[in-house]
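Biologist: Hi, could you walk me through this model? I'd like to start with how helices pack.

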Amino acid sequence: MSKQILILPGDGIGPEIMAEAVKVLELVNSQFALDFELSYDLIGGAAIDQHGVPLADATLACARAADAVLLGAVGGPKWDALDRAIRPEKGLLKIRSELKLFANLRPAILYPQLAEASSLKPEVVSGLDILIVRELTGGIYFGAPRGIRTLENGERQGYNTLPYSESEIRRIARVGFEMARVRARKLCSVDKANVMESSQLWREVVEEVAKDYPDVELSHMYVDNAAMQLVRAPKQFDVMVTDNLFGDILSDEASMLTGSIGMLPSASLDAHNKGMYEPCHGSAPDIAGQGIANPLATILSVSMMLRYSFQRSDAADAIEQAVSRVLDQGLRTGDIFCAGNVRVGTQEMGDAVVAALGTL
Ligand code: IPM
Ligand code: MG
């Protein structure tokens, strides 16, 4: 039976990068006889314009029915002034939460060809291969109570809550350990246990789970130190597991080690490996419509989809090899461009990956 892939291009550069990822997906679909059927829908600002909400119920139903979801990016200044409840980002948070995609995998891998595009010295980043496992459906992103209230003295106060239950911590810790087990067997759990109770429980529960994984070396690090260590000596890390907010921040930081956030894919998985796949970067409204965005993070997200949701590492490897070959050819979008490279636009980059796939 054919597999249903729901494509949600979203806003800003979303539709541009998605068009290239879809070219790649359609090619591997036929090359590897994957029997994928693609359908399209709206999310974020595009959905607000059409339906008045950032994620329509019908779209959510399609996402539930699909075997995997591929998403571009959401948001933009056009929708910034809207009521908080219907901002584009709410659509993204809702689909993550409704589909119970609690495990967000964000690999930060340095392609050797991009060593000079990194903001760090080549020797500090060469060979870099980190996996950030970010908890995605809990913590301060979803915690209640939250809001903006007026105090008795008439002053307004914004407030949020950072709750983590044992079961939420346990299941994301397990993902961290399982991932570490098939890599370099090192897991660093990142928290702020010197200040926050939710982090103290996080650390305790991670320690409990560690008993089931004696083959994995566990360490703990405060998030401020982790942010510093990531730029000081990033190769000390193998897998990092952390909460929703810290993971959001650290994954942006880690992305720059690899040359550009335009290179970073991600997978968001539920307990049964049903997943949504999206680049880690945002909708970049400042460059939207110019045809210069880097489509590689989205193309590499297709590769993660093949690997995690469909166990097709053959097709996933082929995409990664094709990307590497294109980088060998010196082709670069502006975000990863260095002197001596060939500057290309979004479409040329996508076409080059498609061409490379054809010659593998
Ligand atoms: C990400 C993004 C989102 C997040 C935004 C767009 C809501 O920054 O996927 O990292 O904060 O999770
Ligand atoms: Mg982010």
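Modeller: Happy to. One term before we look: a crossing is right-handed if the near helix is turned clockwise from the far one by less than a right angle, and left-handed if anticlockwise. Also keep in mind that this is a predicted model.

Biologist: Got it. Which way does H3 pass H4, left-handed or right-handed?

Modeller: The crossing of H3 with H4 is right-handed. H3 covers residues 57–65 and H4 covers residues 88–98. Their axes come within 11 Å and cross at roughly 40°. That angle makes H3 oblique to H4, because it is neither under 35 degrees nor in the 65 to 115 range.

Biologist: And which residues of H3 and H4 meet there?

Modeller: From H3 you have Asp57, Leu60, Ala63 and Arg64, and they meet Lys94, Ile95 and Glu98 of H4. By class, that contact has three nonpolar, four charged and no polar residues.

Biologist: Let's try another pair. How do the axes of H1 and H10 run?

Modeller: The axes of H1 (residues 14–31) and H10 (residues 296–308) come within 8 Å and cross at roughly 40°. So H1 is oblique to H10. H1 passes H10 in a right-handed crossing.

Biologist: What makes the contact between H1 and H10?

Modeller: H1 brings Ile17, Met18, Glu20, Ala21, Val24, Leu25 and Val28. On the H10 side, the contact is made by Thr298, Ile299, Val302, Met305 and Leu306. Sorted by class, the contact has 10 nonpolar residues, one polar and one charged.

Biologist: Nice. Switching topic: what domains does the assignment give?

Modeller: The domain assignment gives domain 1 as 1–101 + 274–360, and domain 2 as 103–269. The centres of domain 1 and domain 2, taken over C-alpha atoms, are separated by 23 Å.

Biologist: How many residues are in contact between domain 1 and domain 2?

Modeller: On the domain 1 side 31 residues take part, in contact with 29 residues of domain 2. The area buried between the two domains is about 2600 Å², with carbon and sulfur atoms giving 63% of that.

Biologist: Last thing, backbone oddities. Where is the cis peptide bond?

Modeller: The cis peptide bond joins alanine 144 and proline 145, with omega at about 5°. Proline 145 sits in the loop between strand E5 (129–135) and strand E6 (147–150).

Biologist: And what is the phi of asparagine 273?

Modeller: Asparagine 273 has a positive phi of about 65°, although it is not a glycine. You'll find asparagine 273 in the loop between strand E11 (265–269) and strand E12 (275–279).

Definitions and conventions
Residues numbered from 1 in each chain as written. Chains lettered and ligands numbered in written order. Predicted model: local features only at pLDDT ≥ 70, side-chain atom pairs only at ≥ 80, totals over all residues. Heavy atoms only, no water. Axes fitted to C-alpha atoms, helices over the stretch in contact; angles between N-to-C directions. Helix = DSSP H or I, 4+ residues; strand = E, 2+ residues; numbered from the N terminus. Parallel < 35°, antiparallel > 145°, perpendicular 65-115°, else oblique. Contact = heavy atoms within 4.5 Å. Nonpolar A, V, L, I, M, F, W, Y, C, P; charged D, E, K, R; others polar. Domains from an automatic or database assignment. Buried area = accessible area lost by both parts, 1.4 Å probe.
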